[in-house]
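Me: I've got a protein model open and I'd like to talk through its cysteines, strands and pockets. Can you walk me through it?

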Amino acid sequence: MKSTILPSLLALAGGVLAALNVTGSTCTVTPLETGSNGREPDDTPQIVEAFRQCGQDGKVILAEGLFHIGQVMDLQNLNRVDVEIHGTLRWSADIQYWLRSSIGVEYAQLSTAWRVGGQDISFRGFGQALFDGQGQLWYDQNRGGSNQPGRPISLTFWHAKNVFVDGITWRQSQFWHTFVAYSQNVTMTNLDMNATSNSQWNTVNTDGTNTWNSKDVFIRNWTVTCGDDCIGIKGNSSNIQVSDVHCYESGCATIGSLGNPSNVADYVEDIVFDGIKCTHSSNAAWIKTYSGTGLVRNVTFANVEAENVNQPIYVTPCIYSARGCDQSRLPIRDVRWINVTGTSRYNIAAAIHCSASSPCSGFSFQNVSFTTLAGATDPKYLCSNIDGQAESGIPCTGSCPADWPQQLSGNR
């Protein structure tokens, strides 16, 4: 079979050849060692070219070594392509470039550094692939801000169908690690993510993943340290199954945020979290909406272990603002907490406030129990506006105020 090395993508640095090698329908990319005039090289052009040539009925191999990613990668219309990643992808430190050039993803005016779309796509990292976002630069310049325009999500699946991702490690992601939007039948397994700041500034919004306008998403065997939502299920997501995930320093298993803007209905249905461990996290198994419109229905949190979690179970119809809490028209129905146990940092095991104008219904606790770490013997379960509470198994010890906070700073 004919093999070619594209002349336009050759680089000779220190006697080492780096190139895109095309053999039939297989494109193999090896990283450049140096750039021009001693600058950091940019491997983006040859990677994008590999997908152009082999992204339809082909294979793209990123060989061992360090790939420098200096530009956005917008790879749509892929079809029946297998991607092997054996090396490290490191995104450049040119913050101003990324703020100007990252690719919009519609949701909350966010953007991404790498957008992948099409169908029948696999990304395999074999436990060797490493994505390095050089996030500390982003955490420091962001200075604790929230959704900074242009701060890029590491990897977004966009209008993608039949996707398989396995064996990739992330370190110091720029923003969210992954985003699944307008996609169907996406399976992501054996992923390791860690975004941890070593300065005075928190990472802020380095979520493990969020789904949005997507269905049939399967997440299994992840380890995530992220300082924000570990696994987030956002609007118009259905049949999402999450299992065997260990979340550190995070929001752990989250439905939301939903209902913003209020004139756009958010529907979330048929969600299962099973086998989730939450270590030193803000919450464990929880639901957060704004005072908006839509529906949350048929959610299961099963076999969730909380280890030193601030407030394990939390439900609110007015996250962050505490406005319109009892006017929300976004009902929450048929939510089950099964075998949810562990330690609560303070004396609140659960705080559930449902909208008075749209009470929660079909809630149930089965084998839900917590011990506290702050000297209280009996943890409290606070509840408001739950239809059928008496039959729910929720041992309510008092009412939950509308403005009850997501995180506590001590016993209440």
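Me: How many disulfides does the count come to?

Reply: The count comes to 6 disulfides. Keep in mind that this is a predicted model.

Me: Remind me, what is a disulfide?

Reply: A disulfide is a covalent bond between the sulfur atoms of two cysteines.

Me: Ok, take cysteine 230 and cysteine 247. How far apart are their sulfur atoms?

Reply: They are 2.1 Å apart. The cut-off for a disulfide is within 2.5 Å, so this pair counts as one.

Me: And where in the chain do cysteine 230 and cysteine 247 sit?

Reply: Cysteine 230 is in strand β19, residues 229-233. Cysteine 247 is in strand β20, residues 237-248. The two are 17 residues apart, and the pair links distant parts of the chain.

Me: Which hand does the disulfide of cysteine 230 and cysteine 247 have?

Reply: The torsion about its S-S bond is about -70°, so the disulfide is left-handed.

Me: Is cysteine 230 buried or exposed?

Reply: Cysteine 230 has 0% relative accessibility, so it counts as buried. Cysteine 247 has 1%, so it is buried as well.

Me: Next pair. What about cysteine 252 and cysteine 278?

Reply: They form a disulfide too, with sulfur atoms 2.0 Å apart. Cysteine 252 lies in strand β21 (residues 252-258) and cysteine 278 in strand β22 (residues 266-279), so the bond ties together parts that are 26 residues apart in sequence. Its S-S torsion is about -80°, so this disulfide is left-handed. Both cysteine 252 and cysteine 278 are buried.

Me: And how far apart are the sulfur atoms of cysteine 354 and cysteine 360?

Reply: Those sulfur atoms are 2.0 Å apart, in another disulfide. The torsion there is about -100°, so the bond is left-handed. Cysteine 354 is buried, with a relative accessible area of 1%. Cysteine 360 is also at 1%, and buried.

Me: What is the pairing if I number the bonded cysteines in sequence order?

Reply: It runs 1-2, 3-4, 5-6, 7-8, 9-10, 11-12.

Me: Which cysteine sulfur is nearest to cysteine 226?

Reply: That of cysteine 230, 5.4 Å away. Cysteine 226 is in no disulfide. The cut-off is within 2.5 Å, so a gap of 5.4 Å does not qualify. Cysteine 226 is buried, with a relative accessible area of 0%.

Me: And cysteine 400, what's the story there?

Reply: Cysteine 400 is in no disulfide either. Its nearest cysteine sulfur belongs to cysteine 383, 7.8 Å away. At 2% relative accessibility, cysteine 400 counts as buried.

Me: Switching to strands. In which sense do β16 and β18 pair?

Reply: Parallel, over 9 bridges. Strand β16 covers residues 184-194 and strand β18 covers residues 214-225. Valine 186 stands opposite valine 217 in β18.

Me: How many bridges join β18 to β20?

Reply: There are 10, and these strands run parallel. One residue to find is tryptophan 222, whose bridge partner in β20 is valine 245.

Me: Last topic, pockets. How much space lies in the largest pocket?

Reply: About 1,100 Å³.

Me: Which residues lie nearest its centre?

Reply: Asn205, Asp228, Asp229, Lys288 and Tyr320. The whole lining has 46 residues. β21 and β23 (285-289) each supply at least two of them.

Me: How does the lining of the largest pocket divide into nonpolar, polar and charged?

Reply: It has 13 nonpolar, 24 polar and 9 charged residues.

Technical notes: Residues numbered from 1 in each chain as written. Predicted model: local features only at pLDDT ≥ 70, side-chain atom pairs only at ≥ 80, totals over all residues. Heavy atoms only, no water. Helix = DSSP H or I, 4+ residues; strand = E, 2+ residues; numbered from the N terminus. Buried < 20%, exposed > 50% of the residue type's maximum accessible area, 1.4 Å probe, protein only. Pairing = 2+ DSSP bridges. 1 Å grid on protein atoms, 1.4 Å probe; cavity = no way out; pocket = protein on both sides within 12 Å on 5 of 7 lines; lining within 4 Å. Points joined across faces, edges and corners; volume = space filled by probe spheres on them. Nonpolar A, V, L, I, M, F, W, Y, C, P; charged D, E, K, R; others polar.
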